[in-house]
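This briefing is meant to be read alongside the sequence and the coordinates. Please keep both in view while working through the points below.

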Amino acid sequence: MQAKVVATPLNDQGERFANRRSHFLVFPFHSQPYLAVATIAKGIAILLVTSCALAQASTYRVSPEQSYSAIQRVISSASPGDTISFSAGKYNASSGFELKCGVTYTGPVAAPPTAVLSASFARGSKDIFNLASGCKSFTTIQYLWFQNAGGIFVITTNANLTITRNQFTGLPCCASQAHSPAIYFDGGRNPKDPTAQILSNATVTWNTFGDPTSCITPDTEPMFSYSADTAGNCAGVIVQSTTKGMTISNNNFIHLGEGVHFLCVYGPSGCEPPSTVTTSNVTAQFNDFSGIHRMGWEEQPQPTENILFEYNSFHDPFHPFHGTFDLSLACCNSGAAVPGVIVENNVLIQNVPTGPPPAYIGYGIEAGGNGARYNNNLVEGLNNAPMIAWGVGKPPWEIKNNYICSPVNKQFIKEEGNWKQTMPAQVGNVTSAKCQAISSAGPTISPSPSGTYDERIQVTLTDAGLTQGPGPRGNTSFYYTTDGSIPTTASKLYTAPFFVGPGTTVNAIGMWGSGANPKSYPPGYGFVPSAVRSAYYAPSKKGSSR
């Protein structure tokens, strides 16, 4: 092993190596990989460089003490496969950072994130992170806290982007549709051919979008208005690009104008093919939408197909008005293959009343699509419009086995307007003028106690789920105790078989939901935990207790 000591003045350029503390770095040196230990000695950055046979990828650490320009230089020097590691602390983002393709941008592994990127530039003017078009190398943004501005702005064409376990707070309202959302995918640079810019293999998971301070400054009126329909600009995720493969799962959307919105790019034929964006192969699961003023999820482009929206929850809207829908999928018909949309096994609740007349609450689900399926959903609330309104769709499409309550309007499933479309098949739906909570399915505890035991027992909890009747099926989490106490949703979550000793009582409950789904719903709505299931494994005379 050879070693070199390189002395570099401790200036802004060298801060990335020294930064007033020791760091281990891996970086290229004369085209060979080296291990470097950076230390400080009388204002000099001392780099001990060793020619070990290490991978070419480099890790660069930045810290809150560095200036915006110093951090940008570090980012600009990175190569595909490198990592930019943000140390814990609060960063002054005086301008937006221009990212390099193929790099991992990470804070310390923590929840909530401890590396806080706080914007000090004009709100609504730009985003904290910006990724240019043409990026197809794997790029990851994780464990970072974006504050007081739009978080991530991506220009498509772009592929292989992962955005996970970040937090976005203090989002601005509502002058800029491009720079007020937490994440914006921009594919509208070529209106003559909106299909030219493509987003593919994008993953957005385990993030928290919004907080009580989001979407109410500098413009307060849109979120509180019962008439204006502009707060959708302040969203969690906006996609205005042709999309071919995207996963949005296990995210919390809190106190936003809108949750997720797939927008049109209006070409010569408007939002219709052939000159508009297309959306295909999008999966949305285990997300929770609460405190949303406008819509939880909205799909606009007509050429939309293979959209799976399943096991999501919507509840406690913020100042609901005529533009407040749980879901709007007035899409997915022209130019779309079967199935356009699959919306199944969701809990959708409008439990907050609107303002005085003429204010009213819009649809629960605005349903459309070529061969679409709207099945086994729980749709409840104080909507003034129909709970499921079907419009532009083509057979074979269906609305089946939903549980729907509507104490205000008492319109459960109804055609939207007069589109003269073929009516979707409707079987097994249960409707009621009174809303009520549904009991979750309880687990099966195995083995079933039999006789006595003198050795440890491996216990398994099995999800029988709600397998028949209306409403959501599957997606039940289990919580259990082994000390004889009654379990709640704050008890230990079952993730794998576990062992107990003779003399142990296992108590367990089921609660619908997993991922970001809530563990409780507004009183009288949604799901409640199952009854307690118990199993006592009696000890033999020689068996020890527990």
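What follows moves from the overall make-up to the strands, the helix, the pocket and some individual residues.

The model is a predicted one, and the protein in it has 546 residues, of which 56% count as buried. Its secondary structure comprises 2 helices and 50 strands. Among contacts with a separation of 6 or more, 74% are made by residues that lie 24 or more positions apart.

**The open sheet of 11 strands**

- Eleven strands pair in parallel fashion to form an open sheet, and their order across the sheet is β8-β11-β14-β18-β21-β24-β27-β30-β33-β36-β39.
- The two edges of this sheet are formed by β8, which covers residues 97-98, and by β39, which covers residues 413-415, and each of these strands pairs on one side only.
- Within the sheet, strand β24 (residues 258-262) runs parallel to strand β27 (residues 295-299) and is joined to β27 by 3 bridges; Phe 262 has Glu 299 of β27 as its bridge partner.
- Strand β27 also pairs with strand β30 (residues 325-328), again in the parallel sense and over 3 bridges, and here Glu 298 is partnered by Ser 328 of β30.
- Strand β30 in turn pairs in the parallel sense with strand β33 (residues 365-370) over 2 bridges, where the bridge partner of Leu 327 is Ile 365.

**Strand β26 and its pairing partners**

- Strand β26 spans residues 288-292 and is mostly covered, since 5 of its 5 residues are buried.
- Strand β23 (residues 252-256) pairs with β26 in the parallel sense over 4 bridges, and one pair of bridge partners consists of Asn 252 and, in β26, Asp 288.
- Strand β29 (residues 313-315) pairs with β26 as well, in the parallel sense and over 3 bridges, with Asp 288 standing opposite Ser 313 of β29.
- Asp 288 is therefore a residue to inspect from both directions, as the bridge partner of Asn 252 and as the residue opposite Ser 313.

**Helix α1**

- Helix α1 runs over residues 68-77, and its buried residues are Ala 70, Ile 71, Gln 72, Val 74 and Ile 75.
- In an α-helix there are 3.6 residues a turn, so residues three or four places apart point the same way.
- The buried residues of α1 pack against five strands, namely β5 (59-62), β6 (83-86), β7 (89-93), β8 and β9 (104-106); of these, β8 is also an edge strand of the open sheet.

**The largest pocket**

- The largest pocket holds about 210 Å³ of space, and its lining is made up of 7 nonpolar, 7 polar and 1 charged residues.
- Of the 15 residues that line this pocket, those nearest its centre are Ala 111, Arg 165, Trp 206, Asn 207 and Thr 208.

**Thr 164, in strand β16**

- Thr 164 belongs to strand β16, which covers residues 161-164, and its relative accessible area of 11% is under the 20% limit, so Thr 164 counts as buried.
- The side chains of Thr 164 and Thr 205 are joined by a polar contact of 3.0 Å.
- With neighbours within four places in sequence left aside, Thr 164 is in contact with Ile 141, Gln 142, Tyr 143, Thr 205, Trp 206 and Asn 207; Trp 206 and Asn 207 are also among the residues nearest the centre of the largest pocket.

**Two residues in loops**

- Asn 376 is found in the loop between β34 (373-375) and β35 (378-381), and it counts as buried because its relative accessible area is 9%.
- Beyond its neighbours within four places in sequence, Asn 376 is in contact with Glu 344, Asn 345, Asn 346, Lys 400, Asn 401, Asn 402, Gly 469, Gly 471, Pro 472 and Arg 473.
- Gly 524 lies in the loop between β48 (504-512) and β49 (527-528), and at 35% relative accessibility Gly 524 counts as partly exposed.
- Gly 524 and Gln 436 are 88 residues apart along the chain, yet their C-alpha atoms are separated by 4.7 Å.
- When residues up to four places away in sequence are not counted, Gly 524 touches Cys 435, Gln 436 and Ala 437.

Note on methods: Residues are numbered from 1 along each chain as its sequence is written. This is a predicted model: local features need pLDDT of at least 70, side-chain atom pairs count only at pLDDT 80 or more; totals for chains, interfaces and linings use all residues. Side-chain values use heavy atoms; hydrogens and water are left out. On a 1 Å grid over the protein atoms alone, a cavity is a set of points where a 1.4 Å probe fits but cannot get out, and a pocket is an open set with protein on both sides within 12 Å along at least five of seven lines; lining residues have an atom within 4 Å of a point. Grid points are joined across faces, edges and corners, and a volume is the space filled by probe spheres set on the points. Ala, Val, Leu, Ile, Met, Phe, Trp, Tyr, Cys and Pro count as nonpolar, Asp, Glu, Lys and Arg as charged, and the others, Gly among them, as polar. Two strands pair if DSSP finds at least two bridges between them. Buried means under 20% relative accessible area, exposed over 50%, partly exposed in between (1.4 Å probe, protein chains only). A polar contact is a pair of N or O atoms within 3.5 Å; within protein, one must be able to donate a hydrogen and the other to accept it, and residues adjacent in sequence count only if both atoms are side-chain atoms. Contact means heavy atoms within 4.5 Å.
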